Amino acid sequence: MHRFFLTGGPFHIGQRVDITLISKQLTSVLRAQPGDEITLLDGEGNASTASITSLSKNNSTARILEQYVVQTEPKTALTLYQCTLKADKFEWVLQKGTELGVTHFVPIISTRSIVRPASKVLQKYERWRRILQEAAEQSGRGRLPTLGEPLLFNAMLDIATGLKLLPWEEKSQEKNAALGDMIHDNMKRTAERDGVSLLIGSEGGFEANEIDAAHERGWQIVSLGPRILRAETAALAATAIVLDQLDEMG
Ligand code: SAH
């Protein structure tokens with residue numbers, strides 16, 4: 001059944017809801033007919049099954065048949081602080097991160113970020129929000145992941161909260177703990193209680209002084225293994241590892 005995020009919820013059974021906002025998608029893309037059933041999501045985790053009662057360009061309605069709470073949202077909020085990447089790679093991270101269960105995305109401008117300044121990043125937000133909504137509808141999310149304002153690296157260091165995980169591929173003095181072990185062995189409760197912040201570098205990675213600054217502010221430097229992953233691979237691998245360790249992928 002097709003799913004759509006629609007403001008104006010939560011709805012109640014029997015209510016007739018204006019769905020004109022999605023009528024173009026329903027008619028031209030999905031060839032929907034009156035009588036067809038759709039799922040309406042209020043973005044807060046509530047869902048309604050609705051039956052289309054009328055479909056026209058500027059006046060479409062549906063009647064609410066049942067209400068339920070969407071059970072697909074992770075219990076632990078994962079914020080992905082992703083250093084800006086070339087457009088298609090960043091959009092890949094937004095789409096796949098949404099499917100995997102990321103709750104908040106925050107674009108970060110680091111020393112080696114390709115895309116800068118923030119004004120240039122902000123130009124993409126309209127398109128990026130659409131990517132998040134489509135991925136959330138497709139993957140059956142109960143909530144729309146949020147897209148935070150772009151932050152400079154140092155500002156992010158002061159803002160990030162919870163269990164702060166920074167995958168870094170460079171060899172440092174001591175061998176860095178594997179990400180999965182870091183959570184499994186000693187950080188699972190912290191993650192479940194305070195949420196998780198995950199910071200992934202840009203194509204060029206991080207400067208050593210950025211790693212030092214993050215380490216000083218309590219970021220756990222972790223490894224994703226001996227192979228060097230592209231940023232978009234690392235973002236998704238790390239997200240999957242974290243959510244799996246928190247029993248969110250079962
Ligand atoms: N130095 C890399 C460029 C950075 S890879 C190169 O030469 O291609 C992009 C980001 O992915 C890194 O900043 C880091 O956050 C993450 N990453 C990639 N491989 C990793 C690994 N094996 N362990 C930990 N983090 C990794």
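Select Leu65 to begin: Leu65 sits in strand β5. This is a predicted model. Leu65 has a relative accessible area of 30% and is therefore partly exposed. Now add Gly14 to the selection. Leu65 and Gly14 are 51 residues apart in sequence, yet their C-alpha atoms are 6.2 Å apart in space.

**The whole chain**

Zoom out to the full protein chain. The chain has eight helices and 13 strands. Along the principal axes, its C-alpha atoms fill a box of roughly 65 × 40 × 30 Å. Colour the chain by accessibility: of its 250 residues, 48% count as buried.

**Before and after β5**

Strand β5 spans residues 61-69, and the loop that joins β4 (46-54) to β5 contains Asn58. Is Asn58 buried or exposed? Asn58 counts as exposed, because its relative accessibility is 64% and the cut-off for exposed is over 50%. Select Leu21 as well and draw a C-alpha to C-alpha distance: Asn58 and Leu21 are 8.5 Å apart in space and 37 residues apart in sequence.

On the other side of the strand, go to Glu73, in the loop between β5 and β6 (78-83). Glu73 has a relative accessible area of 18%. Buried means under 20%, so Glu73 is buried. Next select Val102, which is 29 residues from Glu73 along the chain; the C-alpha atoms of Glu73 and Val102 are separated by 9.4 Å.

**Arg141, with Glu73 and Val102**

Keep Glu73 and Val102 on screen and add Arg141. Arg141 is placed in the loop between α4 (125-139) and β8 (146-147). Its relative accessibility is 3%, so Arg141 counts as buried. What does the side chain of Arg141 contact? Show side chains, and a polar contact of 2.8 Å appears between the side chains of Arg141 and Glu73. The Arg141 side chain also reaches the backbone oxygen of Val102, at 3.0 Å. Both partners in that polar contact are buried: Arg141 at 3% and Glu73 at 18%.

**The ligand**

Select the ligand and display the residues around it. There are 20 of them, and those that come nearest are Pro167, Glu169, Leu224, Gly225 and Arg227. By residue class, the shell divides into ten nonpolar, six polar and four charged residues.

Now show the backbone atoms of Leu224, Arg227 and Leu229. A polar backbone atom of Leu224 is 2.9 Å from a nitrogen atom of the ligand. At Arg227, a backbone N or O atom lies 2.7 Å from a ligand nitrogen. Leu229 likewise places a backbone N or O atom 2.9 Å from a nitrogen atom of the ligand. Taken alone, the ligand exposes 560 Å², of which the protein buries 85%.

Switch on a pocket display if the viewer has one. The ligand takes up the space of the second largest pocket. Which elements give two or more residues to the shell around the ligand? They are strand β13 (220-223) and helix α8 (231-245).

**Backbone geometry**

Most residues other than glycine have a negative phi, and most peptide bonds are trans. The remaining stops depart from that pattern.

Follow α8 to its end and select Asp247, in the segment after that helix. Asp247 is not a glycine, but its phi is positive, at about 55°.

Move to Arg31, in the loop between α1 (23-29) and β3 (37-41). Arg31 also has a positive phi, about 50°, although it is not a glycine. Is Arg31 buried or exposed? With a relative accessibility of 62%, Arg31 counts as exposed.

Two proline stops complete the tour. Select Gly9 and Pro10: the peptide bond between them is cis, with omega near -10°. Pro10 is in the loop between β1 (3-5) and β2 (16-18). Then select Arg116 and Pro117, where the peptide bond is again cis, with omega near 0°. Pro117 belongs to the loop between β7 (104-109) and α3 (118-122).

How values were computed: Residues are numbered from 1 along each chain as its sequence is written. This is a predicted model: local features need pLDDT of at least 70, side-chain atom pairs count only at pLDDT 80 or more; totals for chains, interfaces and linings use all residues. Side-chain values use heavy atoms; hydrogens and water are left out. A residue is near a molecule or strand if one of its heavy atoms lies within 4 Å of it. A polar contact is a pair of N or O atoms within 3.5 Å; within protein, one must be able to donate a hydrogen and the other to accept it, and residues adjacent in sequence count only if both atoms are side-chain atoms. Accessible areas come from the Shrake-Rupley method with a 1.4 Å probe; for residues, only the protein chains shown count as cover. On a 1 Å grid over the protein atoms alone, a cavity is a set of points where a 1.4 Å probe fits but cannot get out, and a pocket is an open set with protein on both sides within 12 Å along at least five of seven lines; lining residues have an atom within 4 Å of a point. A molecule sits in a cavity or pocket if more than half of its atoms lie within 2 Å of its grid points. Helices (H or I, at least four residues) and strands (E, at least two) are DSSP runs, numbered from the N terminus. Ala, Val, Leu, Ile, Met, Phe, Trp, Tyr, Cys and Pro count as nonpolar, Asp, Glu, Lys and Arg as charged, and the others, Gly among them, as polar. Buried means under 20% relative accessible area, exposed over 50%, partly exposed in between (1.4 Å probe, protein chains only).
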